[in-house]
Amino acid sequence: MYNNVKLEKGLYNLSGKSFSQALESLDPSENYSGTPLENLDAFERQLKRFNIKVSGSDCDMVEKFFTTTESAVLFPEFVRRCIKKGFDDSVLNNIVAVSTKCESNIYSGCVISDTASYSTTSQGTALPVASVTEPATSLSLSKYGRMITASYEALRQQKLDVFGVMLKSVGIKLANSVLGSAVTALKANITPSTVSALDYSALTSLYGSFDDFNMNCVMLSPANTATVLALAQMENASADEQGRVKLPFGAEIICTSEVDDDTVIGLDKDFALEIITSSDIVLETDKLISNQLDRIAVSINCGFRRITDDAVKTLKIGS
């Protein structure tokens, strides 16, 4: 049972397992099917064990994690989950088709060449070929991170929900810093169509340039987003529950400063982009467990690769 799990910092360093995975192996969630705890994972059951409330009107303070040496072991995972929540809720998550875990910082993967027409093939004639091969060059993953400085004295009486929101904001900004590499991968070796101005006709032309795939996402700079939202055709547009706005033909607008004012990127987000990571979000756990919060280092190693060339089209605004 979850009350008997021995918590120690060595659970963060098991080969091939995250802290959450290590907890799940010691206290499998499947054992709680049909019980009041069936909707909690192993980490959340440990929060319940030590009566640590991370949200709500009776939310605890940071110092609650450090009541015992065992409960202190949970703190780095709380920090990681908050930052990861921000990372996963960012714009980046809206444009990635698939996530790949790589064991090193060099990734080869594979590419597909499929340019022959999909038409009728005569009897006895060889079928057109779609070739899947290794790419000519490997992808080197880059490291992105942030150092958060704060003393235990400054944080100990901070409410966990407020501190969690602060950490989530770091995750969002970390994801946005990574987004620049995603934009570079999407645009690489794509010949843009040129338009004199960004109007509704330019957007429908971009949409119409897709053949096998569907432009369900369009990436715009903040200035161009404002221009598009001001178009007469957008008068009846409204954001959904997640704050997402779509063009009349269904493409979601992604506003990001990583796209310049001269460029518009249209993509089928279900086929365009792969994110490759060699690790999940990483923290220095030992210092956090011993409440040395003066320096919280958080980082992730990742890179991007365009999967299907035909799933991305671009516009260049101006001459």
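**Exercise 1. Aromatic pairs around Phe-249**

The structure, which is a predicted model, holds 10 aromatic pairs. Describe the pair formed by Tyr-200 and Phe-249, and then work out which parts of the chain are linked by Tyr-200 and Phe-249.

*Solution.* Step 1: a pair of aromatic rings is described by the distance of the centres and the angle of the planes. For Tyr-200 and Phe-249 the centres are 6.2 Å apart and the planes make an angle of 45°. Step 2: planes under 30 degrees apart would count as stacked and those over 60 as edge-to-face, so the pair of Tyr-200 and Phe-249 is tilted. Step 3: Tyr-200 belongs to helix H7, whereas Phe-249 sits in the loop between H8 and strand E9 (252-255), so that this pair links distant parts of the chain, 49 residues apart.

Step 4: Phe-249 also forms a tilted pair with Tyr-207, with 4.5 Å from centre to centre and 35° between the planes. Because Tyr-207 lies in helix H7 and Phe-249 in the loop between H8 and E9, this pair ties together parts that are 42 residues apart in sequence.

**Exercise 2. Two tyrosines of one helix**

Decide for Tyr-200 whether the residue is buried or exposed, and do likewise for Tyr-207.

*Solution.* Step 1: Tyr-200 has a relative accessible area of 18%, and since buried means under 20%, Tyr-200 counts as buried. Step 2: Tyr-207 has a relative accessibility of 30%, and because this value falls between 20% and 50%, Tyr-207 counts as partly exposed.

**Exercise 3. The buried sides of H7 and H1**

Which residues are buried in helix H7 (residues 200-208), and where around the axis do they lie?

*Solution.* Step 1: the buried residues of H7 are Tyr-200, Ala-202, Leu-203 and Leu-206. Step 2: these residues cover an arc of only 160° around the axis, and therefore they are on the same side of H7. Step 3: their packing partners are strand E7 (193-195), helix H8 (222-229), strand E10 (263-267) and strand E14 (312-317).

Step 4: the reasoning can be repeated for helix H1 (residues 19-26), in which Phe-19, Ser-20, Ala-22 and Leu-23 are buried. Seen down the axis, the buried residues of H1 fall within an arc of 160°, so they line one face of the helix. Helix H2 (42-49) and helix H4 (75-88) are among the elements that cover them.

**Exercise 4. Positive phi angles**

What is notable about the phi angle of Asn-51 and that of Asn-189, and where in the chain are Asn-51 and Asn-189 found?

*Solution.* Step 1: most residues other than glycine have a negative phi. Step 2: Asn-51 has a positive phi of about 55° although it is not a glycine, and the phi of Asn-189, likewise not a glycine, is positive and near 60°. Step 3: Asn-51 lies in the loop between H2 and helix H3 (69-72), while Asn-189 lies in the loop between H6 and E7. Step 4: Asn-51 is partly exposed, with a relative accessible area of 43%, whereas Asn-189, at 78%, is exposed.

**Exercise 5. The whole protein**

What percentage of the 319 residues counts as buried, and how many helices and strands does the protein have?

*Solution.* Step 1: of the 319 residues, 42% count as buried. Step 2: the protein has nine helices and 14 strands. Step 3: among contacts between residues at least 6 apart in sequence, 78% join residues at least 24 apart.

Technical notes
Residues numbered from 1 in each chain as written. Predicted model: local features only at pLDDT ≥ 70, side-chain atom pairs only at ≥ 80, totals over all residues. Heavy atoms only, no water. Buried < 20%, exposed > 50% of the residue type's maximum accessible area, 1.4 Å probe, protein only. Helix = DSSP H or I, 4+ residues; strand = E, 2+ residues; numbered from the N terminus. Arc of directions from axis to C-beta. Contact = heavy atoms within 4.5 Å. Phe/Tyr/Trp six-rings, centres within 6.5 Å; stacked < 30°, edge-to-face > 60°.
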